Amino acid sequence: MLTDLKVKVGPQFYRYHVGAIDFVSDLLQEFSAKNVLIVHGQISFEKAKPFLKFLNERTYNFHFLQYTGECSYYGAERIAKVVKEQEIDFIIGVGGGKLTDLVGYASHTLNIQYGVIPTLASNCAPWTPLSVMYKESGESEGKSEHFLRQAAFFITDPKLIIDAPVNYFVAGLADTIAKWYESDAILQQEHLKNEPFLQIAGYTSELCKKAILDHSAKAIKDMEAGEVSEEFIHLSEIVFAVAGLVGELGDKYARNAIAHAMHDGMSKYIPESHEFLHGEKVAYGIFYQLAVEKKWEQIDDLLPFYQELSLPTSLKQMQLFPEEDSVLDQIVEFIDSKEKVHLLPIPITVDLLKDSIFELEAYINER
């Protein structure tokens with residue numbers, strides 16, 4: 001029996017369908033909100049405004065704050081300043097993953113309720129009570145803030161989500177499929193196989209993987225055409241909601257491993273990687289983890305999917321292979337420092353982590 005498992009299922013209330021955002025007013029009433037702060041982006045907020053009919057209601061006092069584009073400690077301080085000055089009692093985040101991460105972290109530090117209205121499906125940030133922290137320069141802090149507070153609500157509309165850039169959705173599909181590749185070997189260990197919540201986490205990660213491999217091409221085509229199809233609705237929901245259940249039910253045993261650690265290492269030590277989206281770097285990270293595990297046949301199985309979605313397969317393909325060997329040393333030492341990496345049922349060493357980078361580059365070059 002596990003004594004260190006923390007189950008945080010997800011937002012207290014969830015809706016995703018055409019017209020769903022109209023129910024935000026009911027939720028604000030449920031939580032007795034009066035002074036509401038809307039934290040938002042720029043372009044995404046302009047697209048979202050026609051859906052935010054509750055802003056016209058005089059029952060609430062609305063205040064607005066445009067975030068800087070990063071989930072940073074500085075950004076949280078900006079929110080805290082407005083909350084204190086305006087006596088805010090509820091925060092709503094309208095935007096993408098970094099924005100919802102920022103709102104979640106700020107609400108945690110301020111002990112205040114919050115809700116999220118995602119404007120794109122690029123990761124499970126709106127679902128999960130953790131925040132990946134960055135500096136204002138875009139450099140990764142190399143850490144995530146985990147907290148116990150859940151969002152009061154997660155509500156959005158597929159007509160809003162489908163209007164986002166397609167490459168963010170593709171990156172979200174890659175970030176989501178990583179759930180299975182990072183967690184399966186961990187969850188299959190004998191001492192974990194009979195844990196009920198871990199079993200559900202494993203089933204959920206497999207559901208995500210199968211749906212994405214089977215329906216991504218159709219969902220992407222429909223998104224490009226602006227068609228809110230069943231495939232698009234289901235896969236976008238899997239990306240930003242269902243995928244969040246994997247880590248929330250399985251905690252550290254099903255949250256992330258080498259693929260995400262490589263993402264964080266690249267973001268921290270290769271500044272040029274900032275031009276790539278989170279899910280794109282995680283996509284490379286999946287191949288890297290499989291190289292560490294010596295699961296070359298799984299790389300072969302995934303290659304057609306990567307090629308169809310134009311996902312990166314190597315550092316050289318991304319033009320990110322460091323000229324200085326010391327950069328690779330910093331990255332692998334960083335990866336080795338992560339507890340969840342060592343939950344994999346293989347002896348992880350710095351030498352293995354570094355050698356696997358070169359092995360993957362050579363393997364991909366031969367394909």
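Helices (H or I, at least four residues) and strands (E, at least two residues) are taken here as DSSP runs, numbered from the N terminus. The structure is a predicted model, in which local features need pLDDT of at least 70 and side-chain atom pairs count only at pLDDT 80 or more, while totals for chains, interfaces and linings use all residues. Residues are numbered from 1 along each chain as its sequence is written, and side-chain values use heavy atoms, with hydrogens and water left out.

A good place to start is the annotated domain. The UniProt record, an unreviewed entry, places the feature "domain: Alcohol dehydrogenase iron-type/glycerol dehydrogenase GldA" at residues 11–158. UniProt positions are given in the numbering used here, feature names are shortened, and annotations may be inferred rather than shown by experiment. Over residues 11–158, helix makes up 28% of the chain and strand 29%. The C-alpha atoms at the two ends of this stretch are 18 Å apart.

Next comes a strand pair, for which DSSP must find at least two bridges between two strands. Strand 6 (residues 130–134) and strand 7 (residues 140–146) run antiparallel and are joined by four bridges. To follow one of them by eye, start at S131, whose bridge partner in strand 7 is E145. Five residues lie between the strands of this hairpin, and G138 takes a positive phi near 100° there.

Aromatic rings offer another set of contacts. A pair of aromatic rings is described by the distance of the centres and the angle of the planes. Rings of Phe, Tyr and Trp (its six-membered ring) pair if their centres lie within 6.5 Å; planes under 30 degrees apart count as stacked, over 60 as edge-to-face and the rest as tilted. By this rule, there are 19 aromatic pairs. In one of these, Y14 and F154 meet edge-to-face, with 5.1 Å from centre to centre and 80° between the planes. Y14 belongs to strand 1 and F154 to strand 8 (residues 153–156), so this pair links distant parts of the chain, 140 residues apart. For accessibility, buried means under 20% relative accessible area, exposed means over 50%, and partly exposed is in between (1.4 Å probe, protein chains only). Y14 is partly exposed at 24% relative accessibility, whereas F154 is buried at 0%. A second edge-to-face pair is formed by Y269 and F334, with centres 6.3 Å apart and 75° between the planes. This pair also links distant parts of the chain, with Y269 in helix 9 (residues 258–269) and F334 in helix 12, 65 residues apart. Y269 is partly exposed at 24% relative accessibility, and F334 is buried at 8%. Returning to Y14 and F154, they form one aromatic cluster with Y16, W127 and F240.

Charged side chains can be followed in a similar way. Side chains of opposite charge can pair when their charged atoms come close. A salt bridge is a side-chain nitrogen of Lys or Arg within 4 Å of a carboxyl oxygen of Asp or Glu, and the structure holds 19 of them. In one, the side chains of K98 and E70 meet at 2.8 Å, N to O. Because K98 lies in helix 4 (residues 97–110) and E70 in the loop between strand 3 (61–66) and helix 3 (73–86), the pair ties together parts that are 28 residues apart in sequence. K98 is partly exposed at 28% relative accessibility, while E70 is buried at 12%.

Another salt bridge joins D300 and R367 (3.3 Å, N to O). D300 sits in helix 11 (residues 296–309) and R367 in the segment after helix 13 (350–366), 67 residues apart. Both are partly exposed, D300 at 32% relative accessible area and R367 at 48%. In a further salt bridge, the closest N and O atoms of D329 and K354 are 2.7 Å apart. D329 lies in helix 12 (residues 325–336) and K354 in helix 13, so the pair ties together parts 25 residues apart in sequence. D329 is partly exposed at 27% relative accessible area, but K354 is buried at 16%. Salt bridges that share partners also join K6, E248, D251 and R255 into one network.
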